[in-house]
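Please look over the sequence and the structure shown here before reading the briefing that follows.

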Amino acid sequence: MRGKFITFEGIDGAGKSSHVEWLAELLRQKGLVVRVTREPGGTELGEKLRELLLHSSMHLETETLLMFAARREHLAKVIEPALARGEWVVCDRFSDATYAYQGGGRGLDRAKFQQLEHWVHGHLQPDLTLLFDLPLDVARERIVLASRVLDRFEQERADFHERVRQAYLERAHSAPSRMRVIDAQQSIEDIRKLLEKIVSSICL
Ligand code: TMP
């Protein structure tokens, strides 16, 4: 049987990444084989593209094409083979991030996003997307507290991140059966209870 594909999304500082490994472990305890991965990245080439995308300045369309190039490689080498083997794939970000960051944040023409999405993975969408949502000021505070070198996206101004947040919410609204919005201001325990409930009801 084909495995399930679960993605995590949210603005920078939403805290999603700390739940990715936890969810994978929960699924493993249920006897599933789980592959954890991320975008941009997830393959040797994809990780090289990630370095460029996070730290080198480039034209918006170049940025978008590189995101989708890394994704094509990731799908071909990692995601599609794992799903075909019956493994579950838990991925930290996928195409909803391109919709939100390059589309909402930077203003990429939506028709161009749709063309690329259709070309790269028209036949495949996540079975479930968990969107971690929280007010911008709380997310910014978390990033500042992490006190590390910020990447190109984290360095963007508040209005960019607000547009990213709104684009994510709009996307979730248009795909309610696939995307679940998680209030990321809840305690870690409450978030984990909710994740377990959502994943069990949808995927197990
Ligand atoms: P991360 O910090 O969650 O690993 O993600 C890296 C950054 O890349 C994050 O700021 C969002 C950005 N990004 C895009 O702009 N478009 C995309 O398609 C993806 C996957 C990530």
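How far from an oxygen atom of the ligand does a polar side-chain atom of aspartate 12 lie? The two atoms are 2.9 Å apart, which falls under a polar contact (a pair of N or O atoms within 3.5 Å; within protein, one must be able to donate a hydrogen and the other to accept it, and residues adjacent in sequence count only if both atoms are side-chain atoms). This is a predicted model, in which local features need pLDDT of at least 70 and side-chain atom pairs count only at pLDDT 80 or more, while totals for chains, interfaces and linings use all residues. Residues are numbered from 1 along each chain as its sequence is written, and side-chain values use heavy atoms, with hydrogens and water left out.

**Contacts of the ligand**
- A polar side-chain atom of arginine 50 lies 2.8 Å from an oxygen atom of the ligand, and one of glutamine 102 lies 2.9 Å from a nitrogen atom of the ligand.
- The protein buries 94% of the 480 Å² that the ligand exposes when taken alone (Shrake-Rupley method, 1.4 Å probe).

**The shell around the ligand**
- The shell residues comprise six nonpolar, two polar and six charged ones, where Asp, Glu, Lys and Arg count as charged, Ala, Val, Leu, Ile, Met, Phe, Trp, Tyr, Cys and Pro as nonpolar, and the others, Gly among them, as polar.
- With four residues, α4 gives the most to this shell (helices are DSSP runs of H or I, at least four residues, numbered from the N terminus).

**Aspartate 92**
- Aspartate 92 has a relative accessible area of 13% and is therefore buried (under 20%, 1.4 Å probe, protein chains only).
- Its side chain makes a polar contact of 2.8 Å with the side chain of serine 17.

Conventions: Helices (H or I, at least four residues) and strands (E, at least two) are DSSP runs, numbered from the N terminus. Buried means under 20% relative accessible area, exposed over 50%, partly exposed in between (1.4 Å probe, protein chains only).
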